Amino acid sequence: MNIGGLDRRINIQIAGVVFNTYGESVKTWSLFEEVWAQIERAPAAVEKNSGEQIVSVNKVVFNVRWSDRIDSVNPTYRISYGGKIYNILGVHEVGRKERMRIITELIVD
């Protein structure tokens, strides 16, 4: 992997739960890891129905260096980059612990 290609700083976030003043559980997101990444922008924008509205879905792949901590990332996490949120669809190890390929989708209303 060309380390020079890792030119974007992304935040991998993990879901948590807090309770509001009424005792109701509220889903929150906190920083799990901040890493350098390379972005692959696949030309895979599609429209789909979400509820009763049509939304545009853009697939984006982030490549990051492999680490024990990143190896635990799964689709329950998400990525924050450039003020946008990307839902993680899958995580794949490339090579023998060389890098991780995180496949995401950015949903635009």
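What follows is a walk through the predicted model of this protein chain, from its overall layout down to a few single residues.

The model is a prediction, so a word on confidence comes early. Across the protein chain the mean pLDDT is 87, with 83% of the residues at 70 or more. Confidence varies from element to element: the lowest mean pLDDT, 58, belongs to strand E3 (residues 45-50), and the highest, 96, to strand E5 (residues 78-81).

As for the layout, the chain has seven strands and zero helices. Reading along the sequence gives the pattern β-β-β-β-β-β-β. Of the contacts in the protein chain with a separation of 6 or more, 53% are between residues 24 or more positions apart. The protein chain has 109 residues, and 30% of them count as buried. Its accessible surface comes to about 7100 Å², and carbon and sulfur atoms account for 47% of that.

Strand pairing is a good place to pick up the details. E1 and E2 run antiparallel to each other and pair over twelve bridges. Within this pair, isoleucine 10 has valine 35 in E2 as its bridge partner. Five residues sit between the two strands of the E1 and E2 hairpin, where glycine 23 takes a positive phi near 85°. E1 also pairs with E5, again in the antiparallel sense, over three bridges. Here isoleucine 12 stands opposite isoleucine 79 in E5.

Those isoleucines turn up again inside the protein. In general, nonpolar side chains of soluble globular proteins tend to be buried together. In this model the largest nonpolar core is made of 20 residues, and the ones with the most contacts inside it are Ile10, Ile12, Phe62, Val64 and Ile79. Strands E1 (8-19), E2 (25-40), E4 (53-65), E5, E6 and E7 each contribute at least two residues to this core. E2 gives the largest share, four residues.

Not everything buried is nonpolar, as glutamine 13 in strand E1 shows. Glutamine 13 counts as buried because its relative accessible area is 13%, under the 20% cut-off. Its side chain makes a polar contact of 2.6 Å with the side chain of arginine 78. Setting aside neighbours within four places in sequence, glutamine 13 is in contact with Trp29, Ser30, Phe32, Tyr77, Arg78, Ser80 and Ile85.

Arginine 65, in strand E4, offers a contrast. With a relative accessible area of 51%, arginine 65 is exposed, since the cut-off for that label is over 50%. Its C-alpha atom is 7.9 Å from that of tryptophan 36, although 29 residues separate the two along the chain.

The last stop is the pair E6 and E7, joined in the antiparallel sense over seven bridges. Glycine 90 has isoleucine 103 in E7 as its bridge partner. Four residues lie between the strands of this hairpin, in which glycine 95 has a positive phi near 70°. The loop between strand E6 (84-94) and strand E7 (99-108) also holds lysine 97. Lysine 97 has a positive phi of about 60° despite not being a glycine. Lysine 97 is exposed as well, because its relative accessibility is 52%, which is over 50%.

Conventions:
Residues numbered from 1 in each chain as written. Predicted model: local features only at pLDDT ≥ 70, side-chain atom pairs only at ≥ 80, totals over all residues. Heavy atoms only, no water. Buried < 20%, exposed > 50% of the residue type's maximum accessible area, 1.4 Å probe, protein only. pLDDT = per-residue confidence, 0-100. Contact = heavy atoms within 4.5 Å. Areas by Shrake-Rupley, 256 points an atom, 1.4 Å probe, with all protein chains shown as cover. Core = buried A, V, L, I, M, F, W, Y, C linked by side-chain atoms within 4.5 Å. Pairing = 2+ DSSP bridges. Polar contact = N/O pair within 3.5 Å; in protein donor to acceptor, adjacent residues only side chain to side chain.
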